[in-house]
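This report examines how charged side chains and strands are arranged in one protein chain. Please view the sequence and the structure together before reading on.

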Amino acid sequence: MKKLKISPLGDRVVLKAAEVEETTASGIILTGNSQEKPQYSEVVAVGPGKVEDGKKVPMTVKVGQKVIYSQYSGTDVTLGEEKYTIVSQENILAVVE
């Protein structure tokens, strides 16, 4: 089977979904509904940037960086067995180093 590739458009960024903790530190097992959407992810693809007032706005994040993004932003997608979130660059709050 051919591996699918995501190429974001404009100023969108594709993030690899972080693994969600299924057990709390005290050993409580969380159900799928009580787990929060992770906000810490790895950048796997970056769009070319957007054009604003006739000028190209460059992307500030790069593939491989770890980022924190707004909790309820983005679109979740599943490609094969992999889960991704696509967000606009403006929804990325910080780069983690």
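In this predicted model, the count of salt bridges comes to three. In general, side chains of opposite charge can pair when their charged atoms come close. The table lists the pairs with the separation of their closest N and O atoms.

| Salt bridge | Closest N and O atoms |
|---|---|
| E82 with K16 | 2.5 Å |
| E42 with K66 | 3.3 Å |
| E52 with K50 | 3.1 Å |

**Salt bridges and the strands they join**

E82 forms a salt bridge with K16. Because E82 lies in strand 7 and K16 in strand 1, this pair ties together parts that are 66 residues apart in sequence. E82 is partly exposed, with a relative accessible area of 33%, and K16 is also partly exposed, at 28%.

The salt bridge between E42 and K66 likewise links distant parts of the chain, since E42 belongs to strand 2 and K66 to strand 5, 24 residues apart. E42 counts as partly exposed at 31% relative accessibility, and K66 does so at 29%. E42 also stands opposite K66 in the pairing of strands.

In the pair of E52 and K50, E52 has a relative accessible area of 42% and is partly exposed. K50 is partly exposed as well, at 26%.

**The sheet**

How are the strands ordered? Six strands form an open sheet in the order 6-7-1-2-5-8, and their pairing is antiparallel. The edge strands are strand 6 (75–79) and strand 8, each of which pairs on one side only. From one strand to the next, the twist averages 40°.

At one edge, strand 6 and strand 7 (residues 82–88) pair over five bridges, and V77 stands opposite Y84 in strand 7. Strand 5 pairs with strand 2 (residues 40–46) over three bridges and with strand 8 (residues 92–96) over four. In the latter pairing, I68 stands opposite A94.

**Strand 5 and the core**

In a regular strand the side chains alternate between the two faces of the sheet. Strand 5 (residues 66–69) has a covered face with V67 and Y69, and an uncovered face with K66 and I68.

V67 and Y69 also belong to the largest nonpolar core, which has nine residues in all, the others being V13, L15, V43, M59, V61, V87 and I92. Strand 1 (12–16) and strand 5 are the elements that give two or more residues to this core. V13 touches several residues distant in sequence, including V43, M59, V61, V87 and I92.

Technical notes:
Residues are numbered from 1 along each chain as its sequence is written. This is a predicted model: local features need pLDDT of at least 70, side-chain atom pairs count only at pLDDT 80 or more; totals for chains, interfaces and linings use all residues. Side-chain values use heavy atoms; hydrogens and water are left out. Buried means under 20% relative accessible area, exposed over 50%, partly exposed in between (1.4 Å probe, protein chains only). Two strands pair if DSSP finds at least two bridges between them. A nonpolar core is a set of buried Ala, Val, Leu, Ile, Met, Phe, Trp, Tyr and Cys residues joined through side-chain atoms within 4.5 Å. Contact means heavy atoms within 4.5 Å. Axes are lines fitted to C-alpha atoms, for helices over the stretch in contact, and angles run from 0 to 180 degrees between N-to-C directions. A salt bridge is a side-chain nitrogen of Lys or Arg within 4 Å of a carboxyl oxygen of Asp or Glu. Lists of a residue's contacts leave out its neighbours within four places in sequence.
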